[in-house]
Amino acid sequence: MIHLRLLPVMAFLAFANLMGQTYQITGKVVNEANESIGFANVLLLSAVDSTFVQGTSADEGGRFLLSDIAPDLYLLQASYVGRGSKPLALDVKNDISLGALIIPVKAETLDEVVVTARRPTLERLSDRLVFNVENTVVSQGNSWDILKNTPGVIINQDDLQIRGQSATIYLNGRKVQLSSQEAKDLLEGLSGTNIKSVEVIANPPASFDAEGGPVLNIISGKNIVPGYKGSITTNYTQAVLPKYSFGMSHYYKTDKLNVFANYSFNPRKELRRTDKGINFINDANAVFSRWQTDIDETKRTRAHNGTLILDYDFDDKNSLNFTATAVHNPNQEWESNLDTEIRNAQNVLDSTFITDNRVGADNTNLAFDLSYVHKLKKEGTQLSFNTHYTHYSDSFLQLIGSDYFDGSGSFIRDFGFTTASDQQIEILTGQVDFATPLGTSSFESGLKISSIASESAIDYFNFTGNNPNVDASLSDDFRYDEKVYAAYVSWVKSWEKWSVKLGARGELTDAEGVSLTFDTTSNQDFFEIFPSIYLLYSPSEKHSFAFDYGRRVDRPRYNDLNPFRNFNNENDFEEGNLGLVPYFSNNFNLNYTFNSEFFIDAYYRDNGNSINYLVFQDNENQTLRELKQNVLESTSYGLDFTFSKSILNPWYIYSYVSVFHEDETFLAVESGDQEFKNEVNGVYGYLANYLTLSKDGSLTGEATITYLSRFLFGSYISDEQINLTLGLRKSLWNNRAVLSLAAEDILRTYVPTYTSRYLNQDNFYRRRPETQFVRFGFTYNFGNFRLEDNQRSIDKKERDRLKAD
């Protein structure tokens, strides 16, 4: 009987305990292609009246967690930039682990057999613009083509720029640590069908190094199934001189192991013609001597490039990555013939001299990177560790000889010398990062230390004759040591229509450069904070507004600090500047997006004492000196318009117009150290047309035109340039093989003239590289070639300053 009396009490206690117990819901937000949607909003609503119960924001991988949920009937829905998933009814009685909430992507319906690829889409996130190209007509080219056609990217003589700054290329969040030409060769051999999207990050967040400009991050598709695939790629280019390249890649995947190996060989023989002119001016501001130089330069290189990547997943929580890259470019040969005419003020021939400049060079670049990631028990929380080592070596031997003649062609004298140079650089870095959800937001932080040691030497000897601009006393040894200690924090939170990302990075720099011969020292010892903020407001599905601000730093390249002189001839040389110091910039951007098709971007950038390429003519000694120098101040601002849309089913169009202003004020060191402000207003226009020319989508075409009115290049201002490009691509044997044909600079108008004319300075140059060419390409895929791979590169900002191109 006692036990029977206790039954109602026990039942009440059980009911009370049940009512007091709470549960959690976990899941992931994806789109229709099963691609994660990071930072999406997830809302839990009452099933009775759809009132708000609680909400959270997904992490970068689209994963989310809702906790402390009382038993009841609910509706669960995810939303992102005005789009939402279908409400999912849930009866919460215990913990629930969902497969995924799917947010549909608005897509245009195309005629059934006309186009097999989707149209590219643009997506504005709080800190970046995402150009989605997977399975689109744009992805039918190679990775370099995709970068050239990415919204917001300006192409200037194969230099990819964002808002007037050279962009840094990343693969899957890791920097491509190669020269501009080597990176282009690599990306031209990487099929665009492997690319999921390109992220345009004009203001990199705190997790990126504070040094450097904007970032282009290429995201490749994810690994799907085990197996093997490989490819062989070859290109033949007919320009003034013929060129070819060859490459192969192999990829093997098991459940735990991914192995990627790549090798490419790019022998090149390139011709570049340059016209240079200098009007030397006397104290009366009148021209007294006119120099005209024609340069024919032939460069032969034999670059070998190898990459090895190993990924190993110990289990669901622990993974290891090892990446090794090697670039070996031996037996480089540069031959330059310089023919100079010297005329007097009346333009009558006074004298001539001919210079033979020959250089033999070797360089090797080895990099090793080891990363370990450990996922903690809390969903979305992980620790990652990274260490990196680079060894770079470069040497060259230069022989210069000049013969001087009078106006009638009679020999007067000769002058010559030999230069030997060697440089060794060692880079070592270590980094640890931590990321975790924090309530309805996410948090990440990290620490990094980098150490750079550079030692270089240059010797001048074997002199024939005498010249006041070069002698053995210019020989020097230069040592540079730098240590940077960094820490950062970042916090992200999203609401239904708002998203905010805040970050701060602190860097302590301790650097010293010493010229042993000249007994001079340059010290850099400072601590700086680099804040960043990103705001995104999406009032509806079609409209969004974004604002971001970031502070950055740029340190001098190691080569620019070397106080050495590199000569074209004894009157025309480039020299390093030990007095260069880092400079800081403040970047502001305001953006508007309509229907993910039309974008307006307004930007303002205070570049501070930026380091730029300046050229000064010494009128007294009749020389031309090229050097890097900190300017007094520099600003850039502009308004960009981007439009992309499928006009007809087989025709996709992308256009980009930028109206910009650039200015910089510098000391004119050959004009009595007067301050001079060089400025330009310019227009950049780009129009790309992508056509699907066959019903099965195997034949595609491309027609693009680029126009650049003029732009600022240090003390120079360029004139206009136009580039018209046509291309065709044909897939064969169910995409087993690909043939491509491209013609660049069809109008032969992609070669600008650079002019520096102010105060007592009046000089110009016009370089004519082989911009006009026709290229044939062939790629053959073997094995299970539809596998996605694990290609990536090494993310080390310190390596970016190894050597200027």
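Mentor: Before we read this predicted model, one term has to be fixed: a residue is buried when its relative accessible area is under 20%, exposed when that area is over 50%, and partly exposed in between.

Trainee: Which salt bridge does Lys 243 make, and how do you know that the pair qualifies?

Mentor: The side chain of Lys 243 meets that of Glu 770 with 2.9 Å from N to O, and the cut-off is a side-chain nitrogen of Lys or Arg within 4 Å of a carboxyl oxygen of Asp or Glu, so the pair counts as a salt bridge. It links distant parts of the chain, since Lys 243 belongs to strand β20 (residues 242-253) while Glu 770 sits in the loop between β47 and β48 (773-783), 527 residues apart. Both Lys 243 and Glu 770 are buried.

Trainee: How many salt bridges does that rule give?

Mentor: The count comes to 23.

Trainee: What makes the contact of Arg 358 and Glu 335 a salt bridge?

Mentor: Their side chains come to 3.4 Å, N to O, and the limit is 4 Å, so the contact is accepted. This pair, too, is described as linking distant parts of the chain, with Arg 358 in strand β24 and Glu 335 in strand β23 (residues 318-344), 23 residues apart.

Trainee: Are Arg 358 and Glu 335 buried, partly exposed or exposed?

Mentor: Arg 358 has a relative accessibility of 40% and Glu 335 one of 26%; partly exposed covers what lies between the 20% and 50% limits, and therefore the term applies to each of them.

Trainee: Why are Arg 505 and Glu 507 called buried?

Mentor: Arg 505 has a relative accessible area of 3%, and Glu 507 also has 3%; the limit for buried is under 20%, so both residues meet it. Arg 505 and Glu 507 form a salt bridge as well, their closest N and O atoms being 2.9 Å apart. Elsewhere, salt bridges that share partners join Arg 300, Arg 302, Glu 333, Glu 335, Asp 356 and Arg 358 into one network.

Trainee: Which residues form the negative surface patch, and what makes it negative?

Mentor: The patch consists of Asp 481, Asp 510, Glu 512 and Asp 525, and because Asp and Glu count as negative, the name follows. Asp 481, which is part of strand β28 (residues 476-494), has a relative accessible area of 41%, so it passes the requirement of over 30% for patch residues, while its class remains partly exposed.

Trainee: What makes the other patch nonpolar?

Mentor: Its members are Tyr 236, Tyr 244, Leu 691, Leu 693, Leu 728, Leu 741, Val 774 and Phe 776, which together make a patch of about 690 Å²; Val, Leu, Phe and Tyr are among the side chains taken as nonpolar, so the label fits. Leu 693 lies in the loop between β40 (674-692) and β41 (699-708), and with a relative accessible area of 45% it is partly exposed.

Trainee: How do you know that β24 and β25 pair?

Mentor: Strand β24 (residues 349-375) and strand β25 (residues 382-406) run antiparallel and are joined by 25 bridges, and since at least two are required, the two strands pair. One of the bridge partners is Ser 395 in β25, matched with Asp 362. The hairpin has six residues between the strands, and Gly 380 takes a positive phi near 85° there.

Trainee: What joins β25 to β26?

Mentor: The antiparallel strands β25 and β26 (residues 411-438) share 24 bridges, with Tyr 404 facing Arg 413 of β26 as its bridge partner. This hairpin has four residues between the strands, and Gly 409 has a positive phi near 95°.

Trainee: Which phi value does Arg 748 have, and why is this residue called exposed?

Mentor: Phi of Arg 748 is near 55°, a positive value in a residue other than glycine. Arg 748 occupies the loop between β45 and β46 (754-758), and its relative accessible area is 54%; exposed requires over 50%, so the term holds.

Trainee: Why does Leu 759 fall in the partly exposed class?

Mentor: Its relative accessible area is 38%, which is in between the limits of 20% and 50%, and so partly exposed is the right term. Leu 759 is in the loop between β46 and β47 (761-768) and has a positive phi of about 45° although it is not a glycine.

Note on methods:
Residues are numbered from 1 along each chain as its sequence is written. This is a predicted model: local features need pLDDT of at least 70, side-chain atom pairs count only at pLDDT 80 or more; totals for chains, interfaces and linings use all residues. Side-chain values use heavy atoms; hydrogens and water are left out. Patches are made of residues with over 30% relative accessible area and no salt bridge: like charges are joined within 9 Å, nonpolar side chains (Val, Leu, Ile, Met, Phe, Trp, Tyr) within 5 Å. Accessible areas come from the Shrake-Rupley method with a 1.4 Å probe; for residues, only the protein chains shown count as cover. The place of a charge is taken as NZ of Lys, CZ of Arg, CG of Asp or CD of Glu. Helices (H or I, at least four residues) and strands (E, at least two) are DSSP runs, numbered from the N terminus. Buried means under 20% relative accessible area, exposed over 50%, partly exposed in between (1.4 Å probe, protein chains only).
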